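Colleague: I would like a close look at one part of this model. Please pick a helix and walk me through its surroundings.

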Amino acid sequence: MRTTKAAAYSTLFFSIITTTLTGCQQAPVTTLDNPEFNKNPQGEFTNQYPSTFRGKGPHHPYDDIEFLKKEEIKPVEPNFINVGSFTGLSKSAGFNYQDLLYATPRIDEQARQTLTWLGHASFLVQQRHDDAFLTDPVFGEFDGAVGWLARQINDEMARLGPAPVNTKDLKFVDGTVISHNHYDHLSIDTLNTLAQGTELLLPLSVSDNVDYTQGPITEMDWYTQTTIGQTNVHFLPAHHFSRRGLNDWNETLWGAWLFDDGEHTIFFAGDTGYSPIYKDMNAKFNGFDVCLMPIIAYDYTYRSIHFAPEDAVKAAQDLACKVFIPWGYGTWLLGYEHVNEPLRRLQKAFDDIKPNMTLKILRIGESVRYSELLN
């Protein structure tokens with residue numbers, strides 16, 4: 001059963017009820033600009049290509065397929081305010097967060113060439129040297145009073161379960177990257193618990209949204225790079241947008257990150273919709289080893305800024321990825337779709353498209369030695 005009831009994407013809810021969060025910036029900030037990319041005449045950052053997805057869809061034959069089991073289709077009453085992505089159906093009926101957790105999550109500081117999924121967009125990346133990185137760490141609820149108010153109005157804004165780790169287990173991390181300033185990707189509360197000396201890598205202007213004193217900050221434009229330890233870290237494009245307050249549409253940049261340790265490349269897509277930009281990236285880098293790809297919040301008008309699972313597979317083909325690891329599902333109910341749909345839809349896409357890459361599905365807290373997947 002599909003619904004055509006329109007509603008706003010849940011993270012935009014925060015933009016309506018709060019002003020931009022800023023702090024007294026105390027850490028030094030280095031800015032890496034790329035003169036090839038400029039803001040538009042309105043002073044906003046923009047995507048490089050217009051989206052091919054128009055209107056509410058359907059956008060693909062999969063949009064008309066029912067991926068749910070009968071017992072997962074459960075009507076629910078509207079919330080106090082119809083915010084987020086209310087559809088008239090439960091988005092979690094039949095879902096048990098504990099089933100998604102890895103049985104014995106454990107962080108091994110000595111691991112090399114290893115990825116650990118920490119929920120939603122958060123990964124621990126440990127490379128062949130002893131360089132370690134976090135992507136978009138959000139280990140609690142959405143920040144501060146904004147998150148609290150959201151949960152009072154709409155219980156879909158609460159985490160489905162606790163993170164499998166906290167920052168006291170991650171004192172060895174060298175750097176943290178943020179893809180963009182939406183609340184499910186940028187948590188000031190989490191950042192402020194990182195170990196002293198942890199370098200923070202941000203898209204351009206996102207330092208305006210943080211108050212970070214643990215280590216140096218580097219703001220980066222698309223197709224710029226820096227080095228942490230023995231790892232080259234590149235900031236690359238995505239097809240998305242930014243907003244954290246009332247009046248700051250696209251005042252900060254968004255994007256993807258690439259970790260290159262000289263032997264393997266790990267691509268973290270950030271939030272994004274499909275775009276020809278992925279063919280451009282492949283032309284510049286000649287393929288990627290492991291691609292960490294989002295697969296949620298893709299129905300209706302949000303298809304232009306979020307991958308549906310089949311879009312993520314197409315982008316991974318454009319990038320010439322060797323290993324595909326999905327993320328996003330199971331931490332919050334941020335999209336229109338039921339929490340069990342994305343993985344089933346992704347598996348169908350792999351079955352139908354038969355891409356020349358390995359699909360590796362992780363549980364929250366699970367680690368994989370990616371070098372073994374590439375043999």
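Modeller: What follows takes helix α6 as the centre and then moves outward to its surroundings. Keep in mind that this is a predicted model.

Start with the helix itself. α6 spans residues 309-318. How many of its residues are buried? Eight of the 10 are, so α6 is largely enclosed by the rest of the structure. The buried ones are P309, E310, D311, A312, V313, A315, A316 and D318. The cut-off for buried is under 20% relative accessible area. Note that the list holds charged side chains too, including E310 and D311. What covers these residues? The cover includes helix α5 (277-285), strands β12 (288-294) and β13, and helix α7. Just after α6 the backbone does something to look at: A320 takes a positive phi of about 55°.

Now the helix partner. α6 and α7 pack at an angle of about 50°, and their axes are 8 Å apart. That makes α6 oblique to α7. The crossing is right-handed. On the α6 side, the residues that meet α7 are P309, E310, V313 and Q317. Across from them, α7 offers P342, R345, L346, A349, F350 and I353. Of the α6 group, P309, E310 and V313 are also on the buried list.

Next, the sheet. It is open, with seven strands in the order β8-β9-β10-β11-β12-β13-β14, and the pairing is mixed. Its edges are β8 (224-228) and β14 (358-359), each pairing on one side only. α7 packs on this sheet and touches β13 and β14. The direction of α7 makes about 160° with that of β13. Two of the strands in the sheet, β12 and β13, also help to cover α6. β12 and β13 run parallel and are joined by six bridges. In that pairing F288 stands opposite C321 in β13.

Follow the chain from β13 to α7. Between β13 (321-327) and α7 (341-353) lies a loop, and H338 sits in it. Is H338 buried or exposed? H338 is buried, because its relative accessible area is 4%, below the 20% cut-off. Its side chain reaches the backbone nitrogen of N340 at 2.9 Å. Leaving aside neighbours within four places in sequence, H338 is in contact with L68, E72, S90, K91, S92 and A93.

A second loop leads to α5, one of the elements that cover α6. T272 lies there, between β11 (265-268) and α5. T272 is buried, with a relative accessible area of 0%. Its side chain makes a polar contact of 2.6 Å with the side chain of Y278. Not counting residues up to four places away in sequence, T272 touches A238, H239, H240, Y278, P294, I305, H306 and F307.

To sum up, α6 is largely enclosed, and α7 both packs against α6 at about 50° and touches β13 and β14 of the sheet.

Technical notes. Residues numbered from 1 in each chain as written. Predicted model: local features only at pLDDT ≥ 70, side-chain atom pairs only at ≥ 80, totals over all residues. Heavy atoms only, no water. Helix = DSSP H or I, 4+ residues; strand = E, 2+ residues; numbered from the N terminus. Buried < 20%, exposed > 50% of the residue type's maximum accessible area, 1.4 Å probe, protein only. Polar contact = N/O pair within 3.5 Å; in protein donor to acceptor, adjacent residues only side chain to side chain. Contact = heavy atoms within 4.5 Å. Axes fitted to C-alpha atoms, helices over the stretch in contact; angles between N-to-C directions. Parallel < 35°, antiparallel > 145°, perpendicular 65-115°, else oblique. Left-handed = near helix turned anticlockwise from the far one by under 90°. Pairing = 2+ DSSP bridges.
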